[in-house]
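Here's a quick briefing for anyone meeting this structure for the first time. Take a look at the sequence and the fold, then read on for the main points.

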Amino acid sequence: MLGVNKMDSTEPFYSQKRDEEIVKEVNTYIKKIGYNPDTAAFVPISGWNGDNMLELSANVPWFQGWKGTHEDGNARRNTLLEALDSVLPPTHPTDKPLLLTLHDIYKIGSIGTVPVGRVETGVLKSAMVVTFAPVNATTDIKSVEVHHETLSEALPDDTMGFNVKNVSVKDVHDGNVAGDSKNDPPMEAAGFTAQGVILSQQGWISAGCPPVLDCHTAHITSKFAELKEKN
């Protein structure tokens with residue numbers, strides 16, 4: 001959803017033409033980054049005056065609402081509040097291979113090595129054999145716990161600690177990724193293609209530049225091999 005704010009400051013006030021210009025420009029952008037513009041909700045609003053925030057405003061008679069897909073089917077909605085209420089909660093990707101990003105590693109005297117992380121996809125269970133990438137360390141999971149409470153499994157979006165066998169705190173690191181060793185385990189990548197937006201930069205960006213990537217809690221120095229296109 002997108003709120004087209006400050007409609008009370010356009011020239012003229014609450015200009016339909018200006019709203020259409022913004023919608024057209026943003027539609028082009030969100031299509032480039034992989035979203036379907038047909039499913040985007042654009043709501044002209046004024047946060048200062050409250051237009052179309054909670055109730056449909058008489059200041060934008062040209063706005064006929066937007067159509068969205070919800071659990072009650074296709075419906076026409078008018079306000080930013082209705083746009084928020086129409087968001088469908090994402091489904092947990094439990095059917096995909098396990099991917100778990102590590103946030104920290106602890107050494108607990110009576111337990112042993114306890115990595116802490118968040119499940120991104122798949123399901124984590126005790127007795128599962130996992131592989132950590134890119135260090136390529138494989139181990140058994142003895143238990144899965146949250147605040148000293150033992151869990152039978154952890155699902156996507158869960159953050160938990162898990163006790164592992166025969167792995168030292170020096171063997172794995174924050175930023176590593178764990179996966180099921182029997183079902184498409186994660187592997188080190190020699191390279192990847194990414195799309196980014198430059199917010200600020202001193203000097204030129206070119207092939208060979210060494211940016212530092214922040215991925216979860218990992219900080220990794222990399223290198224631009226090739227710049228493919230600029231928009």
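The domain assignment splits this chain into domain 1 (2-85) and domain 2 (99-180). Keep in mind that you're looking at a predicted model. Taken over C-alpha atoms, the centres of domain 1 and domain 2 sit 43 Å apart.

**What the record says**

- An unreviewed UniProt entry annotates residues 112-177 as "domain: Translation elongation factor EFTu-like".
- That span, residues 112-177, is 59% strand and 0% helix. Its end C-alpha atoms are 19 Å from each other.

**The nonpolar cores**

- The largest nonpolar core is made of 19 residues. Leu100, Leu124, Phe132, Met160 and Phe162 have the most contacts inside it.
- Which strands each supply at least two residues of this core? They are β5 (99-108), β8, β9 (137-146) and β12.
- There's another core, lying apart from the largest one, and it has 15 residues. Val23, Ile30, Phe63 and Leu80 are among them.

**Phenylalanine 132 and its stacked partner**

- The search for aromatic pairs turns up one. It's made by phenylalanine 132 and phenylalanine 162, whose rings are stacked, with 6.4 Å from centre to centre and 10° between the planes.
- Phenylalanine 132 belongs to strand β8 (residues 129-133) and phenylalanine 162 to strand β12, so this pair ties together parts that are 30 residues apart in sequence.
- Are these two rings' residues buried or exposed? Phenylalanine 132 is buried, with a relative accessible area of 0%, and phenylalanine 162 is buried too, with 1%.
- Leaving out residues up to four places away in sequence, phenylalanine 132 touches Leu102, Pro115, Ala137, Thr139, Phe162, Val164, Val172, Val177 and Ala178. So its stacking partner, phenylalanine 162, shows up in that contact list as well.

**The salt bridges**

- How many salt bridges does a search of the whole structure find? The count is three.
- One of them joins arginine 18 to glutamate 21, with 3.2 Å between the closest N and O atoms. These two are three residues apart in helix α1 (residues 16-32), which means about one helical turn separates them.
- Both ends of that bridge are partly exposed: arginine 18 has 38% relative accessibility, and glutamate 21 has 36%.
- Arginine 118 also forms a salt bridge, this time with glutamate 120, at 2.7 Å from N to O. Arginine 118 counts as partly exposed at 25% relative accessibility, and glutamate 120 does as well, at 24%.
- Aspartate 157 meets arginine 118 in a salt bridge too, at 2.6 Å from N to O. Aspartate 157 sits in the loop between β11 (153-154) and β12 (159-164), while arginine 118 is in strand β6 (residues 112-121), so the pair ties together parts that are 39 residues apart in sequence.
- Through shared partners, salt bridges join Arg118, Glu120 and Asp157 into one network. Aspartate 157 counts as partly exposed, with 42% relative accessibility.

Notes: Residues are numbered from 1 along each chain as its sequence is written. This is a predicted model: local features need pLDDT of at least 70, side-chain atom pairs count only at pLDDT 80 or more; totals for chains, interfaces and linings use all residues. Side-chain values use heavy atoms; hydrogens and water are left out. A salt bridge is a side-chain nitrogen of Lys or Arg within 4 Å of a carboxyl oxygen of Asp or Glu. Helices (H or I, at least four residues) and strands (E, at least two) are DSSP runs, numbered from the N terminus. Buried means under 20% relative accessible area, exposed over 50%, partly exposed in between (1.4 Å probe, protein chains only). Rings of Phe, Tyr and Trp (its six-membered ring) pair if their centres lie within 6.5 Å; planes under 30 degrees apart count as stacked, over 60 as edge-to-face and the rest as tilted. Domain bounds come from an automatic or database domain assignment. UniProt positions are given in the numbering used here, feature names are shortened, and annotations may be inferred rather than shown by experiment. A nonpolar core is a set of buried Ala, Val, Leu, Ile, Met, Phe, Trp, Tyr and Cys residues joined through side-chain atoms within 4.5 Å. Contact means heavy atoms within 4.5 Å.
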